[in-house]
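Before reading on, take a moment to look at the sequence and the model together, and try to follow each chain from its beginning to its end. The paragraphs below can then be read with the picture at hand.

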Amino acid sequence: MASPIRASVTVARLSEVVHPGVVTTPVTRRRRLPPALLIGATIVAILLVTAALAQVIAPFPFDQMHIRDRFAPPSLHYLAGTDEYGRDVFSRLLIGSQLSLLLGVTATLISMGIGVPLGLLAGYRRGLTDEVVMRVLDIMMAFPPIMLVLLILAVTPPSLMKTAFAIGILSAPPIGRVTRSVTLDLMSGEFMEAARARGERLWYVLARELLPNVWPVLMVEASLRVVFAVLLGAVLSFLGFGVQPPAADWGLMISNGRAFVEMAPWISLAPGIAMSITVIGISLLGDGLREVLDPRLGGRR
Amino acid sequence: MTSYALRRLGTVAFILIVMSLLVFLATHALPSNTAALILGQYSTPETQAALEHKLGLDLPLPVQYWHWASGLLRGDLGQSLVMERPVAPMLWDAFGRSAVLAVCAMAVVSTLGVAMGVVAAVWRGRWPDHSVSVFAYLGISVPEFYWGLVLILLFGSTFHLLPTSGSGDLRDGLASFCSFLVLPVITLTLTLLAHVSRLTRSSMAEELDSMYVKVARARGLPERVVIIRHALRNALVPAITVLAQDFGFLIGGIVAIETIFAYPGLGRLLIFALQRQDLPLMQAAILVLTAVYCLANLTADLLYGVANPRIRYGGAVE
């Protein structure tokens, strides 16, 4: 039933909440892609291309100062205006998108590198392994997230990779939990019985039997985590504990523009708009993926 | 339930102990030299060594930890290095200000969030629903401090309506005190609204589809009564627990928001301490924030049990 209600609701769904009243399991499986997925994928694709080609597209080098054109408002020459040093804000936005995406992806990869093996192992072994892993993850989640990151970043000189690492550790427990719960669901599958009957080794079962089946749900969770990393990374650079100047980081640009917000609001506003487009794009992509892949919404794989 | 609560309290204590160890070790890994920081530019290695001896900084780490931790338990939070004042009064003053901010934000978020969720659920799939969704999406698509900046630009710079930095004093009257709170509270609300309104919407939608609502309608009760007295009452249970959880998120958000509005609360004090490497202040602020966060999470879990007796703790949770 691809009723208009359902189609329009999917556009506006937040990743965290499913709507029990609205979503219906279709009797005949339609291969129609949800609009959220299409819009999200388009935005993300454009972002990836512009980030990859940022150095080529950018009209100016991101750190080139035009002393005569300080605080120039947006115009055809400077698409998003210039900042207090006369640097082209648009070029900095483009370079900044590389930093944001790099941070988001690296942090997420780190969290998956920690969370996925733990989750698979806990779900497969159950018993004591499960108990120990889940306790550790619970304790990790009980710490106030921003305190831990600030503590790590405050005691050591900040860098992009360190920020990514700190955020990656924060995101590992939720990834581990999702992996475990999906693994537990999969355990009753016939393919697992077959693998056990064949006497496969542990790593083979985890990597070749379970992982490919956990993957779809992980993709959805990963999109959430990328968004989380991008936003938290911006907060950290804003507070001065993330990427350091003169890097063209979005959070840093917003923070720097703060002093001139009355006379040159574009310095701060432009990176915020870029960030919200990024976040909305990735969230929509995640929601769309969930729609297509999540076993709770569609039929089982 | 009681044993569960006690066990959870034990976990909170455990986490505080681990956090105190982490904070202690991390601050001792700091590149800054405490004695040099206190003595300033005219210090010599000899005077530094003498002061380190006087402060006990040359003792072995476990002994130092013991001195520090037992001091904490006696309520002695030490002396701020940069401000040269005892930490405790500063901390409680900042704590009070942050608490005012947090409580106001929670009050606004809960009323507005629930109201928006109900509106979205009642007019499901129509424009009120979509507007609520778009609003919620926008709220969480940028980091919280960005909204702070936009609000400063709108209300402070353009219209000069509200103060954009600092905090008011109650002695100047309630109106002035509140005027300083308006923008930070709106900013916090924007970032938290999405969670509450979405959850209220989905639980409300579930209740509206249930049998007892159909029965109430069939009995000819006015729609207003059906929605408020019947459905909302049950839909509120999950909303309440989400609110308690959000209180934890709020503590994270408060750090950035207090910084952008120069609001002299706990978050700003923490950032100040981190930037100036004021160890005692940093340690105390992190521990207090951790304690508040853990207690908020504990409250959320316990409320969940009280509001929903079907959940049994400690048993199989699969």
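What follows goes through the chains, then the place where they touch, and then one residue in the core.

The model shown here is a predicted one, and every value given for it is computed from the atoms of that prediction. Chain A contains eleven helices and zero strands, so that, read from the N terminus on, its elements run α-α-α-α-α-α-α-α-α-α-α. Chain A has 301 residues, of which 48% are buried. If we take the contacts in chain A whose partners have a separation of 6 or more, 72% of them join residues that are 24 or more positions apart.

Chain B, for its part, is built with twelve helices and zero strands. Of its 318 residues, 38% count as buried, and among the contacts in chain B with a separation of 6 or more, 71% are made by residues 24 or more positions apart.

We can now turn to the place where the chains touch, at which 40 residues of chain A are in contact with 45 residues of chain B. On the side of chain A that touches chain B, at least two residues each come from helix H1 (4–11), helix H5 (127–142), helix H6 (145–155), helix H9 (202–239), helix H10 (250–257) and helix H11 (266–293) of chain A. The most is given by H6(A), which supplies seven residues to this side. Sorted by class, the side of chain A that touches chain B consists of 30 nonpolar, eight polar and two charged residues.

The next topic is the nonpolar core. The largest nonpolar core has 162 residues, and the residues with the most contacts inside it are Val149(A), Leu270(B) and Ala285(B). H9(A) gives the most to this core, with 20 residues.

Let us look more carefully at Val149(A), which lies in helix H6 of chain A. Why does Val149(A) count as buried? The reason is that Val149(A) has 25 C-beta neighbours inside 10 Å, whereas a residue is called buried if 20 or more other C-beta atoms lie within that distance of its own. When residues up to four places away in sequence are not counted, Val149(A) touches Ala166(A), Ile167(A), Leu170(A) and Leu236(A). For one of these partners the separation along the chain can be set beside the distance in space: Val149(A) and Leu236(A) are 87 residues apart in sequence, while their C-alpha atoms are 8.6 Å apart in space.

Note on methods
Residues are numbered from 1 along each chain as its sequence is written. Chains are lettered from A and ligands numbered from 1 in the order in which they are written. This is a predicted model: local features need pLDDT of at least 70, side-chain atom pairs count only at pLDDT 80 or more; totals for chains, interfaces and linings use all residues. Two residues are in contact if their C-beta atoms, placed from the backbone, lie within 7 Å. Helices (H or I, at least four residues) and strands (E, at least two) are DSSP runs, numbered from the N terminus. Ala, Val, Leu, Ile, Met, Phe, Trp, Tyr, Cys and Pro count as nonpolar, Asp, Glu, Lys and Arg as charged, and the others, Gly among them, as polar. A residue is buried if 20 or more other C-beta atoms lie within 10 Å of its own, exposed if 12 or fewer, and partly exposed in between; C-beta atoms are placed from the backbone. A nonpolar core is a set of buried Ala, Val, Leu, Ile, Met, Phe, Trp, Tyr and Cys residues joined through C-beta atoms within 7 Å.
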